[in-house]
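Please work through the following exercises with the sequence and the structure at hand. Each task is followed by a solution in steps.

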Amino acid sequence: MTCFPFQTSAASGSNSRLPTLASKAFGFGNKNDATVDIPLDTVNDAKKREKELATWEENLKRREMDIKRREDAMTRAGVTIEEKNWPPFFPIIHHDIAKEIPVHAQRLQYLAFASWLGILLCLSWNVIAVIVCWIKGGGVKIFFLAIIYALLGCPLSYVLWYRPLYRAMRTDSALKFGWFFLFYLIHVGFCILAAISPPIVFHGKSLTGILAAIDTFSDHALVGIFYLVGFGLFCLETLISLWVLQEQKESLEKGLVTMEDVEMAVAEGEQFACRTLLVRATTIVLCACDVISD
């Protein structure tokens, strides 16, 4: 006797449905399956990129080896590579006293560096004071003269006397010391004349000297104050420059380079400068003659 008459039929029905459910498409080998196509071009492009990267890496290594070989050759030849590192926010020159200048000469080099920064400050303040004078009715000519002084004085002071001294400190070159002394004396003379500012030489108020300051006080007190500050800066720069000359002379007397060597180097530098000026003057005259003849 069966207590559950529908047990056999239900079981048979459930068993009959299982194969049906199992045979439905679940993405495994049926006609409704999604196909994934892997294009051969992508594989080829990847291999091509790998080859290009490998070639680029080889070229980069070869260039690095060439640069290193050139640097080694320049080092053996005594040529130093100077990397621009000053000022830090916009490097335009190479300057590293602590690493490149001998310890016994660093004090003098720092003093000369202060002198170079001083002339930059003097010329910059001179432009500001002349602008104030121009605004108060001083004329535009003095403004242009002040701009010319600044544009010429700032780079020439570095090229003509500060950089030769810096390199002379590294190499103990008598010629570079002589070049420094020659142009630094010109620098000291300019500072003295600028502090006095005679109207005959510098066209009146284009430099902030004591005579220009006295002259401007009668018209505008504010302009006179600016000129007095400039006069004080030029006086301070003159004192620092004379101090540098004295310290440099004492260091040379104590070192390997004697004053006789420096004097000979100065004479050679003057002769070289005279020869250069003579050649340029001759070239200009010949060009002028050609123009006239044509």
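The exercises below concern a predicted model, and they proceed from the overall fold to individual residues.

**Exercise 1. The overall fold**

Determine how many helices and strands the protein has, and describe its surface and its contacts.

*Solution.*
Step 1. The protein has 10 helices and zero strands. Read along the sequence, the pattern is therefore α-α-α-α-α-α-α-α-α-α, with helices and strands taken as DSSP runs.
Step 2. The protein has 294 residues, and 29% of them count as buried.
Step 3. The accessible surface amounts to about 20,100 Å², and carbon and sulfur atoms account for 66% of this area.
Step 4. Consider the contacts between residues at least 6 apart in sequence: 59% of these join residues at least 24 apart.

**Exercise 2. The second largest pocket**

Establish which helices supply at least two residues each to the lining of the second largest pocket, and how the lining residues divide into nonpolar, polar and charged.

*Solution.*
Step 1. The second largest pocket holds about 320 Å³ of space. It is lined by 14 residues, and those closest to its centre are Leu 152, Gly 153, Leu 156, Ser 157 and Phe 190.
Step 2. At least two lining residues each come from helix H4 (103–138), helix H5 (140–171) and helix H6 (174–196).
Step 3. H5 provides the largest share of the lining, namely eight residues.
Step 4. By type, the lining comprises 11 nonpolar residues, three polar residues and no charged ones.

**Exercise 3. Salt bridges**

State how many salt bridges are found in the whole structure. Then examine the pairs Lys 61 with Glu 57, Asp 66 with Arg 69, and Glu 100 with Arg 170.

*Solution.*
Step 1. A search of the whole structure finds four salt bridges.
Step 2. In the salt bridge between Lys 61 and Glu 57, the closest N and O atoms are 3.7 Å apart. This value satisfies the cut-off, because a salt bridge requires the nitrogen to be within 4 Å of the carboxyl oxygen.
Step 3. Lys 61 and Glu 57 are separated by about one helical turn, because they are four residues apart in helix H2 (residues 40–76). Lys 61 has a relative accessibility of 48% and counts as partly exposed; Glu 57, at 41%, is also partly exposed.
Step 4. Asp 66 and Arg 69 form a salt bridge with an N to O distance of 2.7 Å. Both residues belong to helix H2 and stand three residues apart, about one turn of the helix. Asp 66 is partly exposed at 28%, and Arg 69 is partly exposed at 48%.
Step 5. Glu 100 and Arg 170 meet in a salt bridge at 3.2 Å, N to O. This pair links distant parts of the chain, with Glu 100 in helix H3 (residues 97–100) and Arg 170 in helix H5, 70 residues apart. Glu 100 is partly exposed at 26% relative accessibility, and Arg 170 is partly exposed at 26%.

**Exercise 4. The surroundings of Gln 248**

Decide whether Gln 248 counts as buried or exposed, and list the residues that it touches.

*Solution.*
Step 1. Gln 248 lies in helix H9 (residues 221–254).
Step 2. Gln 248 has a relative accessibility of 1%. It counts as buried because the cut-off for that class is under 20%.
Step 3. Leaving aside residues up to four places away in sequence, Gln 248 touches Leu 108, Leu 165, Met 169, Phe 177, Phe 180 and Phe 181.

How values were computed:
Residues numbered from 1 in each chain as written. Predicted model: local features only at pLDDT ≥ 70, side-chain atom pairs only at ≥ 80, totals over all residues. Heavy atoms only, no water. Buried < 20%, exposed > 50% of the residue type's maximum accessible area, 1.4 Å probe, protein only. Contact = heavy atoms within 4.5 Å. Areas by Shrake-Rupley, 256 points an atom, 1.4 Å probe, with all protein chains shown as cover. 1 Å grid on protein atoms, 1.4 Å probe; cavity = no way out; pocket = protein on both sides within 12 Å on 5 of 7 lines; lining within 4 Å. Points joined across faces, edges and corners; volume = space filled by probe spheres on them. Nonpolar A, V, L, I, M, F, W, Y, C, P; charged D, E, K, R; others polar. Salt bridge = Lys/Arg side-chain N within 4 Å of Asp/Glu carboxyl O.
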